[in-house]
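Here are a few short exercises to work through with the model open in your viewer. Try each one before reading its solution.

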Amino acid sequence: MAIKRNKIHQCVVAALATSAALLTGCATQSSNSTAQITNSYYGTLEPFAQENLYFVLTDRFVDGDPNNNYPEQGGDENYTFNRPLKGPDGKEANVGYLGGDLLGVYQHADYIKDLGFTSVWVTPIVENPDEAFTGGEKIHYGEMFKDGGKTGYHGYWGVNFFVEDEHLVSENFKFKDFTAGMKSKGLKTVLDIVANHGSPSYTMPQDQPMYGEIYDKDGKLIADHQNLHPTELNYDNPLHTFFYKKPDLAQLSDTNADNPAVLDYFVEAYLQWIDQGAEAFRIDTIRHMPHHFWKKFADRIREHHPDFFMFGESFVYEADFIAQHTLPENGKVSVLDFPGQAAITSVFGKPKEGEPAKGYQDLLSYLYLEQSPYHNPYDLMTFYDNHDMARMNADIKGFINANNWLFTSRGIPVVYYGSETAFMAGTAEHEGNRNYYGVDKIAEAKTHPVAQSMKTVAHIRKESVALQRGLQLNLDFNQDTAAFYRIYQHDGVIQNALVLLNKGDEETSIELSGDKLHAGTYTDAMSGKQTSISNGLSYPVPANGVVVLLNDTAISNPKILAELAKLQQVVPM
């Protein structure tokens, strides 16, 4: 039914848009005001599309309050602070707490804002166990999918989802103080949430306190795995009914989406954090719970907070699969664009051995600008690395060019902490991709070429409605250069952004024929220089650079109008 409805919608939009294009082709010869009234072109009207996100793994950013480090916690064997994993040649990762906290993020809010970001995504804030996990397979440097010896420094091993973890808050600086402080700095808080699982719950030599347990807002134990394999759980025991009787991710408890009490618990918990200032959610492991759960969850959250924005992590590289989460019948939850991540890193990262370097033309396939399985591809969260994968294996130029693309192409950009300085580039989880950042690296960013380049393009997007919400009309994509429009014309607001990209090592002039261009005066968003376009364009773009030319007049080129009519079909009414 979803496919059928999408096809009907596309036919209706196509008819309306084509009619509008034909009418406007005549009307705009005499009056731009007519075009303003009759035509509406945009990629999205979602308010959250204006955001630039900076993703912080809170414990690994900055230690703002040493008093909440608790170095003695967990005892001599299962201590939670500073548990290094030693690698070759002095390399090191860590699976213990390292001191980063909400105060440390707030203390550097001006740094984040100065880079051009408008929102900060923080990892889960809820209470996690107070010991290192003794079950599972023991983790060593460079290994994955093992939890033995690890702690909940990342926040994803929730025990009480109504209570803040003591490592992240301070005596006089709780989550509500953090969100209020960030808002006063002009930054929104995006909260990472988990409903799919709690903490590791079985295979411990002896049952450990808090592991496999879940508590309510009053501190009452409501669920306990009791160190039993999922197949050994007994639904005659009310403490077991919160979990499925099947294993899922490692030894994590697998919450029972078919138990209404589970939905009630998480809705109540996360409404609490919205009331304390969370302005959007990132949903962890969304694909590990059925669509019906997220539909009910989203509906109940939005009963209290209409149009509340959420995006999920569905760690799959197939667009048709992850797109299912975005459909209204499944909760209308946006997703992190994993197919986009694969394409971006393949183009801007170092080529794999034996493979040729890829070019801008290799980015086109993930955009879905004309036909799309997504509810709206313009609402997807675009990124090139995060905490669950290797950081992008690129040199300085690669990071600069990736950011130039990320902040100008369709989608809502997300940058993982440290990528502004190419921090630990190419390293995977447990090899350094989650290492501590700290004030020294923040100071380094003030002169770092990646940070300074990103700052420029991020601020341009921050001020450009076309880059935030405009349709993307691709003009010319080659190995080292690309040119495309972002066009926004809606409700009396008009902005056209002509984006020119060059990832080559030498300055080059990008040439475009007049039939591809909207005639008029354009302003270079970086230099302020004005350029008149009529019969064509030849414009110099610096090596590893970006140019954004802005124009504020209604589109009148019939060829462009016809293209916009097709592109508008993808956008839901």
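**Exercise 1.** Work out whether Asp299 is buried, partly exposed or exposed, then find its salt-bridge partner.

*Solution.* Keep in mind that this is a predicted model.
- Step one: Asp299 has a relative accessible area of 32%. Buried needs under 20% and exposed needs over 50%, so Asp299 comes out as partly exposed.
- Step two: look for a nitrogen to pair with. Lys295 forms a salt bridge with Asp299, with 3.3 Å between the closest N and O atoms.
- Step three: check where the two sit. Lys295 and Asp299 are both in helix α7, four residues apart, or about one turn of the helix. An α-helix has 3.6 residues a turn, so residues three or four places apart point the same way.
- Step four: Lys295, at 28% relative accessible area, is partly exposed too.

**Exercise 2.** Take helix α7 and decide how its buried residues are arranged around the axis.

*Solution.*
- Start with the geometry: α7 covers residues 291–304, 14 in number, and reaches 21 Å from its first C-alpha to its last, close to the 20 Å expected.
- Next, list the buried residues: Phe293, Trp294, Phe297, Ala298, Ile301 and Arg302.
- Now look down the axis of α7: these buried residues fall within an arc of 145°, so they line one face of the helix.
- Finally, ask what that set packs against: β7 (188–193), α6 (260–275), β12 (280–283) and β13 (310–312).

**Exercise 3.** Which acidic residues pair with Arg282 in salt bridges, and are the partners buried or exposed?

*Solution.*
- Asp284 is one partner, its closest N–O distance to Arg282 being 2.9 Å. Both Asp284 and Arg282 are buried.
- Glu313 also forms a salt bridge with Arg282, at 3.7 Å between the closest N and O atoms. This pair links distant parts of the chain: Arg282 is in strand β12 and Glu313 in the loop between β13 and α8 (319–322), 31 residues apart. Glu313 is buried, as is Arg282.
- For context, the structure holds 24 salt bridges.

**Exercise 4.** Describe the surroundings of Asn376.

*Solution.*
- Place it: Asn376 lies in the loop between α9 (338–348) and β15 (381–382).
- Classify it: the relative accessibility of Asn376 is 5%, so this residue counts as buried.
- Find its contacts: leaving out residues up to four places away in sequence, Asn376 touches Gly43, Thr44, Val571 and Pro572.
- Add the polar detail: the Asn376 side chain reaches the backbone oxygen of Gly43 at 3.0 Å.

Notes
Residues numbered from 1 in each chain as written. Predicted model: local features only at pLDDT ≥ 70, side-chain atom pairs only at ≥ 80, totals over all residues. Heavy atoms only, no water. Helix = DSSP H or I, 4+ residues; strand = E, 2+ residues; numbered from the N terminus. Buried < 20%, exposed > 50% of the residue type's maximum accessible area, 1.4 Å probe, protein only. Polar contact = N/O pair within 3.5 Å; in protein donor to acceptor, adjacent residues only side chain to side chain. Contact = heavy atoms within 4.5 Å. Expected span 1.5 Å × (residues − 1). Arc of directions from axis to C-beta. Salt bridge = Lys/Arg side-chain N within 4 Å of Asp/Glu carboxyl O.
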